[in-house]
Amino acid sequence: MDNLIIREMTIKDYDEIFALWQITTKRALSGADSRENIEKYLEHNKGMSLVGIVDGKIIATVLAGHDGRRGFIHHMAVSPDYRRQGIGSSLAKEADKRIKKSGIAKTHIFCYKNNDLGQNFWKAMGFTKREDIDVFSFD
């Protein structure tokens with residue numbers, strides 16, 4: 001897309017990105033996505049999370065970073081009106097490039113089992129679905 005601008009996500013974007021997530025990834029949202037927690041994440045992973053902007057409006061996000069050992073991509077989201085135009089691919093590739101530049105060789109993405117759209121996207125991006133692990137969470 002010719003008029004797409006990709007730039008670093010900042011906490012000033014929070015209201016707009018959270019509104020987009022309400023449309024695209026609402027079931028994945030939790031208390032970890034509060035303004036305070038996103039601000040901490042952005043500070044900890046400076047320059048890795050990105051937004052895609054068209055005509056001054058955020059239409060795509062990728063929350064990305066690492067724990068010092070492995071990279072992680074969260075909340076890869078593209079507004080339904082802008083899908084299938086290469087925007088998600090552009091953001092994911094740039095986020096992965098930034099993670100690798102910081103010395104991290106492997107990046108993970110969590111995708112719901114019933115999210116066929118997301119699974120197909122990540123497979124097309126070259127990610128391999130792991131069958132050998134399960135994720136356990138503790139609150």
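Trainee: Where does Ala32 lie?

Mentor: The model is predicted, and local features need pLDDT of at least 70, side-chain atom pairs count only at pLDDT 80 or more, and totals for chains, interfaces and linings use all residues. Residues are numbered from 1 along each chain as its sequence is written, and side-chain values use heavy atoms, with hydrogens and water left out. Helices (H or I, at least four residues) and strands (E, at least two) are DSSP runs, numbered from the N terminus. On that basis, Ala32 is placed in the loop between α1 and α2 (35–44).

Trainee: Is Ala32 buried, partly exposed or exposed?

Mentor: A residue is buried under 20% relative accessible area, exposed over 50%, and partly exposed in between, with a 1.4 Å probe and protein chains only. The relative accessibility of Ala32 is 48%, so Ala32 counts as partly exposed.

Trainee: Which residues does Ala32 touch, not counting residues up to four places away in sequence?

Mentor: Contact requires heavy atoms within 4.5 Å. With residues up to four places away in sequence not counted, Ala32 touches Asn37 and Ile38.

Trainee: Ala28 also belongs to the loop between α1 and α2; with which residues is Ala28 in contact, leaving aside its neighbours within four places in sequence?

Mentor: At 30% relative accessibility, Ala28 counts as partly exposed. The C-alpha atoms of Ala28 and His74 are 9.4 Å apart, although 46 residues separate the two in sequence. Leaving aside neighbours within four places, the contacts of Ala28 are Asp33, His75 and Tyr112.

Trainee: In which order do helices and strands follow one another along the sequence?

Mentor: The protein has four helices and five strands. Read along the sequence, they give the pattern β-α-α-β-β-β-α-β-α.

Trainee: Why is the protein described as being as compact as a globular protein of its length?

Mentor: The radius of gyration is taken over C-alpha atoms, and the globule rule is 2.2 Å times the number of residues to the power 0.38. For 139 residues the rule gives 14 Å, and the protein is as compact as a globular protein of that length because its radius of gyration is close to this, at 14 Å.

Trainee: Among contacts between residues at least 6 apart in sequence, what percentage joins residues at least 24 apart?

Mentor: The C-alpha trace spans about 45 × 30 × 30 Å along its principal axes, and buried residues make up 37% of the 139 residues. Of the contacts between residues at least 6 apart in sequence, the share joining residues at least 24 apart is 62%.

Trainee: Which element gives the most residues to the largest nonpolar core?

Mentor: A nonpolar core is a set of buried Ala, Val, Leu, Ile, Met, Phe, Trp, Tyr and Cys residues joined through side-chain atoms within 4.5 Å. The largest core has 18 residues, and Val62, Ala64, Met76, Ile87 and Leu91 have the most contacts inside it. At least two residues each come from β2 (50–54), β3 (57–66), β4 (71–78) and α3 (87–101). With five residues, the element that gives the most is α3.

Trainee: How many residues form the second, separate core?

Mentor: Ile17, Leu20, Leu42 and Leu63 are included in this second core. The number of its residues is 13.

Trainee: Which residues does Leu20 touch, not counting residues up to four places away in sequence?

Mentor: Leu20 lies in helix α1 (residues 14–24) and, with a relative accessible area of 6%, is buried. The C-alpha atoms of Leu20 and Ala60 are separated by 7.8 Å, with their positions 40 residues apart along the chain. Not counting residues up to four places away, Leu20 touches Ile59, Ala60, Thr61, Ala77 and Ser79.

Trainee: Where is Asp55, a residue other than glycine with a positive phi, placed?

Mentor: Most residues other than glycine have a negative phi. Phi of Asp55, in contrast, is near 50 degrees. Asp55 counts as exposed, at 67% relative accessibility, and its place is in the loop between β2 and β3.

Trainee: What is the approximate phi of Arg84?

Mentor: Arg84 is placed in the loop between β4 and α3 and counts as exposed, at 84% relative accessibility. Although Arg84 is not a glycine, its phi is positive, at about 65 degrees.
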